[in-house]
Amino acid sequence: MTSTKPHSKDLSVYFTESAKQRDNSPLKSLMKYMSADPTLVSLGAGLPHPSTFPLGALTTLVAQPGHTLSECAHPPATSIQVNQPTSKTEGLERFLQYGNGRGVPSYSAFARTHTASVHNPPYADWDVVPSVGNTDAFVKALMLFCDRGDTLVVDEWTYPAILSTVGPMGIRVASVRMDAEGAVPEDLDRVCGGTRVRVAYMIPTAQNPTGATMSLERKRAVYAVAQKHDLVLIEDDPYYYLQFGAYEEPAEGVDRLRGLPGLKGLIPSLLSLDTDGRVIRLDSFSKILAPGLRCGWVTAPRYIADKIQFHNETTVQQPSGLSQALVSKLLNEDWGHSGWESHLLRTQREYAVRRDVFVDLCREKLKGLAEFTVPQAGMFLWLRIVLPPQLEQREGIMDEVFARMIAKHVLLVPGRMFSARGVDGGPYMRAAFSYASVEDLGVAVARLREALLTFRQEK
Ligand code: PMP
Ligand code: PLP
(Lines give C-alpha, C1' and ligand atoms only; values in the text may rest on other atoms or scores of the structure.)
(Ligands and ions follow the chains in the order given, each with its own letter.)
Protein backbone atom coordinates (compact mmCIF):
# COMPACT_ATOMS: atom_id res chain seq x y z
CA MET A 1 0.00 0.00 0.00
CA THR A 2 1.48 3.36 -0.90
CA SER A 3 1.45 5.96 1.83
CA THR A 4 -0.55 9.11 1.37
CA LYS A 5 1.35 10.79 4.16
CA PRO A 6 3.57 13.76 3.26
CA HIS A 7 7.34 13.49 3.08
CA SER A 8 9.30 15.11 5.93
CA LYS A 9 10.62 18.64 5.51
CA ASP A 10 14.35 18.70 4.86
CA LEU A 11 16.00 20.15 7.97
CA SER A 12 19.46 18.93 6.96
CA VAL A 13 20.32 22.53 5.99
CA TYR A 14 20.66 23.09 9.73
CA PHE A 15 23.07 20.18 10.29
CA THR A 16 26.37 21.03 11.95
CA GLU A 17 29.48 20.59 9.83
CA SER A 18 30.30 17.32 11.60
CA ALA A 19 26.75 16.04 11.02
CA LYS A 20 27.01 16.87 7.31
CA GLN A 21 30.25 14.94 7.07
CA ARG A 22 29.10 11.94 9.10
CA ASP A 23 28.84 8.99 6.72
CA ASN A 24 28.53 5.24 6.64
CA SER A 25 31.74 3.77 8.03
CA PRO A 26 33.53 2.35 4.97
CA LEU A 27 33.77 -1.21 6.33
CA LYS A 28 30.11 -1.30 7.36
CA SER A 29 29.12 -0.22 3.86
CA LEU A 30 30.42 -3.59 2.58
CA MET A 31 28.08 -5.58 4.80
CA LYS A 32 25.19 -5.26 2.36
CA TYR A 33 26.99 -7.61 -0.04
CA MET A 34 27.00 -10.29 2.65
CA SER A 35 23.24 -10.19 3.16
CA ALA A 36 22.45 -9.78 -0.55
CA ASP A 37 24.28 -12.90 -1.81
CA PRO A 38 24.07 -16.11 0.21
CA THR A 39 26.74 -17.77 -2.00
CA LEU A 40 29.30 -15.02 -1.34
CA VAL A 41 32.46 -16.08 0.46
CA SER A 42 33.35 -13.10 2.60
CA LEU A 43 36.97 -12.26 3.06
CA GLY A 44 35.74 -8.74 3.79
CA ALA A 45 34.80 -7.58 7.30
CA GLY A 46 37.12 -8.77 10.07
CA LEU A 47 34.38 -10.60 11.93
CA PRO A 48 35.72 -12.82 14.71
CA HIS A 49 34.99 -16.50 14.09
CA PRO A 50 31.85 -17.47 16.03
CA SER A 51 33.44 -20.75 17.16
CA THR A 52 35.63 -18.59 19.40
CA PHE A 53 32.62 -17.11 21.25
CA PRO A 54 32.64 -18.89 24.60
CA LEU A 55 28.96 -18.13 25.17
CA GLY A 56 26.20 -20.61 24.40
CA ALA A 57 22.46 -20.34 24.89
CA LEU A 58 21.29 -17.32 26.85
CA THR A 59 18.58 -18.30 29.32
CA THR A 60 16.65 -16.16 31.79
CA LEU A 61 13.50 -16.21 33.88
CA VAL A 62 10.81 -13.73 32.90
CA ALA A 63 7.63 -12.71 34.62
CA GLN A 64 4.29 -13.61 33.11
CA PRO A 65 3.14 -10.56 31.17
CA GLY A 66 1.03 -8.37 33.40
CA HIS A 67 2.68 -9.63 36.61
CA THR A 68 5.79 -8.73 38.54
CA LEU A 69 8.34 -11.49 39.09
CA SER A 70 7.50 -11.61 42.79
CA GLU A 71 3.85 -12.29 41.91
CA CYS A 72 4.86 -15.15 39.68
CA ALA A 73 4.42 -18.14 41.93
CA HIS A 74 0.98 -18.50 40.29
CA PRO A 75 1.29 -18.26 37.37
CA PRO A 76 5.01 -19.11 37.54
CA ALA A 77 7.77 -17.20 35.79
CA THR A 78 8.80 -18.76 32.51
CA SER A 79 12.24 -19.48 31.23
CA ILE A 80 13.19 -17.99 27.86
CA GLN A 81 16.21 -18.94 25.84
CA VAL A 82 18.07 -17.32 22.96
CA ASN A 83 19.95 -19.99 21.03
CA GLN A 84 19.10 -20.98 17.46
CA PRO A 85 17.39 -18.60 15.01
CA THR A 86 13.59 -18.81 14.89
CA SER A 87 11.00 -17.36 12.55
CA LYS A 88 10.88 -14.25 14.81
CA THR A 89 14.41 -13.66 16.08
CA GLU A 90 17.99 -14.22 15.06
CA GLY A 91 20.12 -16.84 16.83
CA LEU A 92 22.50 -15.95 19.64
CA GLU A 93 25.49 -16.11 17.30
CA ARG A 94 24.05 -13.27 15.25
CA PHE A 95 23.41 -11.14 18.35
CA LEU A 96 27.00 -11.69 19.48
CA GLN A 97 28.51 -10.71 16.11
CA TYR A 98 29.35 -7.30 14.68
CA GLY A 99 26.59 -5.63 12.72
CA ASN A 100 25.85 -2.08 11.66
CA GLY A 101 24.60 0.89 13.69
CA ARG A 102 20.98 0.03 12.89
CA GLY A 103 21.10 -2.85 15.37
CA VAL A 104 20.00 -6.45 14.94
CA PRO A 105 16.99 -6.45 12.57
CA SER A 106 14.42 -8.09 14.87
CA TYR A 107 15.15 -5.58 17.66
CA SER A 108 14.61 -2.60 15.36
CA ALA A 109 11.60 -4.27 13.77
CA PHE A 110 9.88 -4.45 17.16
CA ALA A 111 10.61 -0.76 17.81
CA ARG A 112 9.25 0.12 14.36
CA THR A 113 6.02 -1.87 14.71
CA HIS A 114 5.42 -0.58 18.23
CA THR A 115 6.04 3.04 17.16
CA ALA A 116 3.70 2.67 14.20
CA SER A 117 0.96 1.29 16.43
CA VAL A 118 1.30 3.74 19.34
CA HIS A 119 2.36 6.97 17.57
CA ASN A 120 1.51 6.46 13.90
CA PRO A 121 3.85 9.28 12.78
CA PRO A 122 1.95 11.41 10.25
CA TYR A 123 4.71 11.64 7.64
CA ALA A 124 5.92 8.91 5.34
CA ASP A 125 9.69 8.60 5.65
CA TRP A 126 10.15 8.01 9.39
CA ASP A 127 12.40 5.30 10.71
CA VAL A 128 13.89 4.00 13.93
CA VAL A 129 17.47 3.49 15.00
CA PRO A 130 18.54 1.75 18.23
CA SER A 131 20.16 3.68 21.05
CA VAL A 132 21.93 2.81 24.25
CA GLY A 133 19.15 4.61 26.12
CA ASN A 134 17.99 8.20 25.98
CA THR A 135 21.23 9.57 27.47
CA ASP A 136 23.11 8.28 24.42
CA ALA A 137 20.34 9.23 22.02
CA PHE A 138 20.14 12.80 23.32
CA VAL A 139 23.83 13.49 22.67
CA LYS A 140 23.58 12.12 19.16
CA ALA A 141 20.44 14.11 18.36
CA LEU A 142 21.98 17.27 19.84
CA MET A 143 25.21 16.93 17.87
CA LEU A 144 23.31 16.89 14.59
CA PHE A 145 22.18 20.48 15.06
CA CYS A 146 24.25 22.15 17.82
CA ASP A 147 27.91 23.13 17.90
CA ARG A 148 30.00 25.18 20.33
CA GLY A 149 28.42 28.62 20.56
CA ASP A 150 24.92 27.45 19.57
CA THR A 151 21.94 27.61 21.93
CA LEU A 152 19.66 24.78 23.06
CA VAL A 153 16.20 25.64 24.37
CA VAL A 154 15.30 23.82 27.58
CA ASP A 155 12.68 24.11 30.31
CA GLU A 156 13.59 26.42 33.20
CA TRP A 157 13.92 23.28 35.34
CA THR A 158 15.37 20.33 33.49
CA TYR A 159 17.11 16.97 33.67
CA PRO A 160 20.61 17.69 35.01
CA ALA A 161 22.38 15.32 32.58
CA ILE A 162 21.34 17.68 29.78
CA LEU A 163 23.02 20.64 31.49
CA SER A 164 26.11 18.50 32.20
CA THR A 165 26.24 17.49 28.53
CA VAL A 166 25.88 20.88 26.89
CA GLY A 167 28.07 22.84 29.35
CA PRO A 168 31.42 21.26 28.43
CA MET A 169 30.42 21.26 24.74
CA GLY A 170 30.18 25.06 24.83
CA ILE A 171 26.49 24.94 23.92
CA ARG A 172 24.47 27.60 25.70
CA VAL A 173 20.98 27.09 27.05
CA ALA A 174 17.98 29.40 26.81
CA SER A 175 15.26 28.55 29.28
CA VAL A 176 11.51 28.61 28.84
CA ARG A 177 9.11 29.37 31.65
CA MET A 178 6.96 26.46 32.83
CA ASP A 179 3.53 26.03 34.34
CA ALA A 180 1.71 22.93 35.56
CA GLU A 181 1.71 21.56 31.98
CA GLY A 182 5.38 22.16 31.24
CA ALA A 183 6.85 24.70 28.80
CA VAL A 184 4.62 27.73 28.19
CA PRO A 185 4.20 28.11 24.40
CA GLU A 186 4.12 31.94 24.49
CA ASP A 187 7.42 31.94 26.34
CA LEU A 188 8.92 29.45 23.90
CA ASP A 189 7.88 31.85 21.15
CA ARG A 190 9.51 34.77 23.01
CA VAL A 191 12.77 32.85 23.54
CA CYS A 192 12.94 31.78 19.90
CA GLY A 193 12.20 35.32 18.76
CA GLY A 194 15.12 36.74 20.74
CA THR A 195 17.92 34.26 20.05
CA ARG A 196 18.77 32.21 16.97
CA VAL A 197 17.91 28.70 18.08
CA ARG A 198 17.44 25.49 16.15
CA VAL A 199 16.59 22.90 18.79
CA ALA A 200 14.30 22.66 21.82
CA TYR A 201 14.60 19.81 24.31
CA MET A 202 11.38 18.66 26.03
CA ILE A 203 10.29 15.95 28.45
CA PRO A 204 6.55 16.00 27.69
CA THR A 205 5.44 13.31 30.16
CA ALA A 206 6.26 13.52 33.87
CA GLN A 207 8.87 16.19 33.26
CA ASN A 208 12.03 15.65 35.26
CA PRO A 209 12.09 17.29 37.85
CA THR A 210 8.68 19.02 38.02
CA GLY A 211 6.50 16.02 37.15
CA ALA A 212 4.53 18.23 34.72
CA THR A 213 2.75 16.46 31.85
CA MET A 214 1.78 18.29 28.67
CA SER A 215 -1.84 17.98 27.61
CA LEU A 216 -2.63 17.38 23.96
CA GLU A 217 -3.61 21.05 23.59
CA ARG A 218 -0.24 22.09 25.06
CA LYS A 219 1.60 19.79 22.67
CA ARG A 220 -0.30 21.26 19.72
CA ALA A 221 0.57 24.79 20.85
CA VAL A 222 4.25 23.92 21.33
CA TYR A 223 4.33 22.23 17.92
CA ALA A 224 2.83 25.33 16.29
CA VAL A 225 5.60 27.48 17.81
CA ALA A 226 8.17 24.97 16.58
CA GLN A 227 6.72 25.30 13.08
CA LYS A 228 6.78 29.09 13.26
CA HIS A 229 10.51 29.11 14.15
CA ASP A 230 11.44 25.99 12.14
CA LEU A 231 12.66 24.27 15.31
CA VAL A 232 13.74 20.70 15.81
CA LEU A 233 12.06 19.22 18.91
CA ILE A 234 13.91 16.56 20.87
CA GLU A 235 11.12 14.64 22.62
CA ASP A 236 12.74 12.76 25.52
CA ASP A 237 9.87 10.59 26.74
CA PRO A 238 11.07 7.78 29.02
CA TYR A 239 7.98 8.05 31.28
CA TYR A 240 5.42 7.97 28.46
CA TYR A 241 3.67 4.79 29.64
CA LEU A 242 3.62 5.87 33.30
CA GLN A 243 0.55 8.08 32.92
CA PHE A 244 -2.09 7.83 35.64
CA GLY A 245 -4.63 10.54 35.00
CA ALA A 246 -6.00 12.79 37.71
CA TYR A 247 -5.58 12.09 41.41
CA GLU A 248 -8.72 11.11 43.32
CA GLU A 249 -9.14 11.52 47.06
CA PRO A 250 -9.23 8.14 48.83
CA ALA A 251 -12.79 7.05 49.59
CA GLU A 252 -14.37 3.93 51.04
CA GLY A 253 -15.08 1.31 48.38
CA VAL A 254 -13.68 3.37 45.49
CA ASP A 255 -11.13 1.74 43.20
CA ARG A 256 -8.82 4.67 42.52
CA LEU A 257 -7.15 2.83 39.64
CA ARG A 258 -10.30 2.44 37.59
CA GLY A 259 -9.49 5.60 35.63
CA LEU A 260 -5.99 4.55 34.55
CA PRO A 261 -5.41 5.49 30.91
CA GLY A 262 -4.03 2.08 29.91
CA LEU A 263 -2.48 2.38 26.46
CA LYS A 264 -5.51 3.63 24.56
CA GLY A 265 -5.89 6.70 26.81
CA LEU A 266 -2.27 7.87 26.74
CA ILE A 267 -1.87 11.51 25.73
CA PRO A 268 -0.68 11.52 22.11
CA SER A 269 3.04 12.20 21.74
CA LEU A 270 4.64 15.12 19.91
CA LEU A 271 5.74 12.54 17.33
CA SER A 272 2.12 11.68 16.64
CA LEU A 273 1.47 15.37 15.76
CA ASP A 274 4.62 15.68 13.65
CA THR A 275 3.41 16.35 10.11
CA ASP A 276 6.72 18.02 9.20
CA GLY A 277 9.25 15.49 10.52
CA ARG A 278 10.77 17.95 13.03
CA VAL A 279 10.48 15.75 16.14
CA ILE A 280 13.33 13.47 17.17
CA ARG A 281 11.60 11.13 19.61
CA LEU A 282 13.70 9.26 22.18
CA ASP A 283 12.21 6.07 23.66
CA SER A 284 13.95 4.05 26.34
CA PHE A 285 13.43 0.62 27.87
CA SER A 286 15.04 1.92 31.10
CA LYS A 287 11.83 2.58 33.01
CA ILE A 288 9.75 -0.17 31.42
CA LEU A 289 12.21 -3.10 31.40
CA ALA A 290 15.45 -2.19 33.20
CA PRO A 291 18.00 0.65 32.89
CA GLY A 292 20.98 -1.72 32.98
CA LEU A 293 19.93 -3.20 29.66
CA ARG A 294 21.00 0.11 28.05
CA CYS A 295 18.47 -0.18 25.26
CA GLY A 296 16.21 2.32 23.57
CA TRP A 297 15.45 3.70 20.14
CA VAL A 298 15.13 6.96 18.26
CA THR A 299 12.32 7.76 15.83
CA ALA A 300 12.99 10.49 13.26
CA PRO A 301 12.97 11.14 9.51
CA ARG A 302 15.11 8.49 7.80
CA TYR A 303 17.89 10.92 6.80
CA ILE A 304 18.26 11.81 10.51
CA ALA A 305 18.04 8.17 11.68
CA ASP A 306 20.80 7.40 9.14
CA LYS A 307 23.09 10.05 10.66
CA ILE A 308 22.49 8.57 14.14
CA GLN A 309 23.26 5.12 12.72
CA PHE A 310 26.58 6.45 11.38
CA HIS A 311 27.32 8.06 14.75
CA ASN A 312 26.57 4.71 16.45
CA GLU A 313 29.07 3.08 14.11
CA THR A 314 31.88 5.28 15.43
CA THR A 315 30.90 5.02 19.11
CA VAL A 316 28.78 2.25 20.67
CA GLN A 317 28.15 0.42 17.34
CA GLN A 318 24.78 -0.73 18.76
CA PRO A 319 23.29 -1.73 22.11
CA SER A 320 24.95 -4.81 23.63
CA GLY A 321 24.09 -7.95 21.69
CA LEU A 322 23.05 -9.73 24.89
CA SER A 323 20.63 -6.92 25.71
CA GLN A 324 19.21 -6.84 22.20
CA ALA A 325 18.86 -10.62 22.29
CA LEU A 326 16.86 -10.56 25.52
CA VAL A 327 14.66 -7.65 24.47
CA SER A 328 14.02 -9.01 21.01
CA LYS A 329 13.29 -12.55 22.17
CA LEU A 330 11.03 -11.36 24.97
CA LEU A 331 9.05 -8.84 22.98
CA ASN A 332 8.92 -10.46 19.54
CA GLU A 333 8.40 -14.02 20.62
CA ASP A 334 7.69 -14.84 24.25
CA TRP A 335 5.48 -11.94 25.26
CA GLY A 336 4.65 -10.61 21.81
CA HIS A 337 2.99 -7.23 21.40
CA SER A 338 0.00 -8.17 23.57
CA GLY A 339 2.19 -9.47 26.42
CA TRP A 340 4.24 -6.29 26.16
CA GLU A 341 1.09 -4.25 26.51
CA SER A 342 0.08 -6.21 29.63
CA HIS A 343 3.51 -5.52 31.09
CA LEU A 344 3.20 -1.79 30.37
CA LEU A 345 -0.20 -1.73 32.06
CA ARG A 346 1.16 -3.54 35.12
CA THR A 347 4.04 -1.06 35.34
CA GLN A 348 1.66 1.87 34.95
CA ARG A 349 -0.41 0.46 37.82
CA GLU A 350 2.59 0.03 40.10
CA TYR A 351 3.59 3.69 39.86
CA ALA A 352 -0.03 4.87 40.00
CA VAL A 353 -0.41 3.16 43.39
CA ARG A 354 2.81 4.78 44.57
CA ARG A 355 1.71 8.20 43.32
CA ASP A 356 -1.54 7.89 45.25
CA VAL A 357 0.12 6.63 48.45
CA PHE A 358 2.78 9.34 48.34
CA VAL A 359 0.40 12.16 47.52
CA ASP A 360 -2.01 11.04 50.29
CA LEU A 361 0.87 11.07 52.77
CA CYS A 362 2.20 14.45 51.68
CA ARG A 363 -1.24 16.05 51.75
CA GLU A 364 -1.78 14.80 55.27
CA LYS A 365 1.66 15.26 56.80
CA LEU A 366 3.12 18.26 54.98
CA LYS A 367 0.13 20.60 55.22
CA GLY A 368 1.50 24.12 55.59
CA LEU A 369 5.06 22.82 55.22
CA ALA A 370 5.21 22.09 51.49
CA GLU A 371 3.03 22.67 48.42
CA PHE A 372 2.87 20.75 45.18
CA THR A 373 0.89 20.05 42.03
CA VAL A 374 -0.14 16.41 41.93
CA PRO A 375 1.75 14.74 39.06
CA GLN A 376 -0.36 12.88 36.50
CA ALA A 377 2.50 10.65 35.48
CA GLY A 378 5.95 9.39 36.33
CA MET A 379 8.02 9.13 39.46
CA PHE A 380 8.48 12.63 40.86
CA LEU A 381 6.82 15.09 43.19
CA TRP A 382 8.16 18.66 42.99
CA LEU A 383 7.80 20.18 46.42
CA ARG A 384 7.76 23.91 47.12
CA ILE A 385 9.01 24.12 50.66
CA VAL A 386 7.08 26.64 52.76
CA LEU A 387 9.32 28.30 55.34
CA PRO A 388 8.38 30.88 57.96
CA PRO A 389 8.51 34.32 56.27
CA GLN A 390 11.52 35.49 58.31
CA LEU A 391 13.58 32.56 56.92
CA GLU A 392 12.42 32.53 53.31
CA GLN A 393 14.94 35.01 51.99
CA ARG A 394 17.84 33.96 54.16
CA GLU A 395 21.02 33.25 52.15
CA GLY A 396 21.70 29.50 51.87
CA ILE A 397 18.42 28.55 53.54
CA MET A 398 17.73 25.68 51.13
CA ASP A 399 21.16 24.20 51.90
CA GLU A 400 20.07 24.28 55.53
CA VAL A 401 16.77 22.58 54.62
CA PHE A 402 18.73 19.89 52.78
CA ALA A 403 21.12 19.44 55.73
CA ARG A 404 18.24 19.03 58.18
CA MET A 405 16.58 16.45 55.94
CA ILE A 406 19.82 14.48 55.80
CA ALA A 407 20.11 14.78 59.59
CA LYS A 408 16.64 13.17 59.77
CA HIS A 409 17.75 10.43 57.35
CA VAL A 410 15.73 11.37 54.29
CA LEU A 411 17.15 12.38 50.90
CA LEU A 412 15.54 14.64 48.30
CA VAL A 413 17.23 16.46 45.42
CA PRO A 414 17.71 20.23 45.87
CA GLY A 415 16.02 22.29 43.16
CA ARG A 416 19.23 24.12 42.22
CA MET A 417 20.54 20.93 40.59
CA PHE A 418 17.85 21.29 37.92
CA SER A 419 18.07 25.00 37.31
CA ALA A 420 18.76 25.85 33.68
CA ARG A 421 19.31 29.48 34.57
CA GLY A 422 22.22 28.64 36.83
CA VAL A 423 20.62 30.65 39.60
CA ASP A 424 19.63 29.24 42.94
CA GLY A 425 16.93 26.60 42.89
CA GLY A 426 14.26 28.57 44.70
CA PRO A 427 12.35 26.81 47.47
CA TYR A 428 12.10 23.52 45.55
CA MET A 429 13.03 19.91 46.25
CA ARG A 430 12.37 16.85 44.07
CA ALA A 431 11.09 13.68 45.72
CA ALA A 432 11.12 10.40 43.75
CA PHE A 433 8.41 7.98 44.88
CA SER A 434 9.65 5.24 42.55
CA TYR A 435 12.29 3.41 44.55
CA ALA A 436 11.62 3.29 48.29
CA SER A 437 9.27 0.55 49.46
CA VAL A 438 5.67 1.68 49.92
CA GLU A 439 6.18 1.35 53.73
CA ASP A 440 9.32 3.48 53.55
CA LEU A 441 7.44 6.21 51.68
CA GLY A 442 5.54 6.71 54.96
CA VAL A 443 8.79 6.75 56.95
CA ALA A 444 10.28 9.29 54.51
CA VAL A 445 7.32 11.68 54.70
CA ALA A 446 7.29 11.51 58.52
CA ARG A 447 11.01 12.38 58.56
CA LEU A 448 10.47 15.15 56.06
CA ARG A 449 7.81 16.59 58.34
CA GLU A 450 10.13 16.45 61.34
CA ALA A 451 12.92 18.17 59.39
CA LEU A 452 10.62 20.96 58.22
CA LEU A 453 9.03 21.44 61.65
CA THR A 454 12.45 22.31 63.09
CA PHE A 455 12.24 25.61 61.15
CA ARG A 456 8.96 26.44 62.86
CA GLN A 457 10.72 26.61 66.22
CA GLU A 458 13.10 29.33 64.98
CA LYS A 459 12.69 33.02 65.47
N1 PMP B 1 40.04 -0.75 17.17
C2 PMP B 1 40.61 -1.60 16.28
C3 PMP B 1 42.07 -1.43 15.93
C4 PMP B 1 39.81 -2.64 15.70
O5 PMP B 1 40.35 -3.48 14.81
C6 PMP B 1 38.44 -2.77 16.09
C7 PMP B 1 37.56 -3.87 15.60
N8 PMP B 1 37.67 -4.16 14.25
C9 PMP B 1 37.91 -1.85 16.99
C10 PMP B 1 38.72 -0.86 17.52
C11 PMP B 1 36.45 -1.91 17.43
O12 PMP B 1 36.41 -2.55 18.64
P13 PMP B 1 35.13 -2.72 19.56
O14 PMP B 1 34.35 -3.85 18.98
O15 PMP B 1 35.72 -3.06 20.90
O16 PMP B 1 34.41 -1.40 19.57
N1 PLP C 1 15.86 11.50 30.12
C2 PLP C 1 15.15 11.78 31.23
C3 PLP C 1 14.18 12.90 31.22
C4 PLP C 1 15.34 11.00 32.39
O5 PLP C 1 14.63 11.29 33.50
C6 PLP C 1 16.26 9.92 32.37
C7 PLP C 1 16.50 9.05 33.56
O8 PLP C 1 16.49 9.48 34.69
C9 PLP C 1 16.98 9.69 31.20
C10 PLP C 1 16.74 10.49 30.08
C11 PLP C 1 18.00 8.61 31.09
O12 PLP C 1 17.47 7.57 30.36
P13 PLP C 1 18.28 6.34 29.80
O14 PLP C 1 18.45 5.35 30.93
O15 PLP C 1 17.38 5.84 28.73
O16 PLP C 1 19.60 6.82 29.29
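Reader: What makes α4 and α10 count as oblique to each other?

Author: This is a predicted model, in which local features need pLDDT of at least 70, side-chain atom pairs count only at pLDDT 80 or more, and totals for chains, interfaces and linings use all residues. Residues are numbered from 1 along each chain as its sequence is written. The axes of α4 and helix α10 (residues 321-334) cross at roughly 50° and come within 9 Å. Angles under 35 degrees count as roughly parallel, over 145 as roughly antiparallel, 65 to 115 as roughly perpendicular and the rest as oblique. The two helices α4 and α10 are therefore oblique. Axes here are lines fitted to C-alpha atoms, over the stretch in contact, with angles from 0 to 180 degrees between N-to-C directions. Helices are DSSP runs (H or I, at least four residues), and strands are too (E, at least two), numbered from the N terminus.

Reader: Which residues of α4 and α10 meet?

Author: On the α4 side they are S106, Y107 and F110, and on the α10 side Q324, V327, S328, L331 and N332. Contact means C-beta atoms, placed from the backbone, within 7 Å.

Reader: Why is H409 called exposed?

Author: A residue is exposed with 12 or fewer other C-beta atoms within 10 Å of its own, buried with 20 or more, and partly exposed in between; the C-beta atoms are placed from the backbone. H409 has 11 such neighbours, so it counts as exposed. H409 sits in the loop between α13 (397-407) and β14 (413-414).

Reader: And what makes R294 partly exposed?

Author: R294 has 18 C-beta neighbours inside 10 Å, so it falls in the partly exposed class. Its place is the loop between β10 (279-284) and β11 (296-301). R294 also has a positive phi, near 55°, though it is not a glycine. Most residues other than glycine have a negative phi.

Reader: How do you know that the largest nonpolar core lies between domain 1 and domain 2?

Author: A nonpolar core is a set of buried Ala, Val, Leu, Ile, Met, Phe, Trp, Tyr and Cys residues joined through C-beta atoms within 7 Å. The largest one has 104 residues, and V153, V199, I234 and V298 touch the most other members. Domain 1 (12-244 + 256-337) and domain 2 (344-457) both contribute residues, so this core lies between them. The domain bounds come from an automatic or database domain assignment. Among the residues that V153 touches are A174, L188 and Y201.

Note on methods. Chains are lettered from A and ligands numbered from 1 in the order in which they are written. Two residues are in contact if their C-beta atoms, placed from the backbone, lie within 7 Å. Lists of a residue's contacts leave out its neighbours within four places in sequence.
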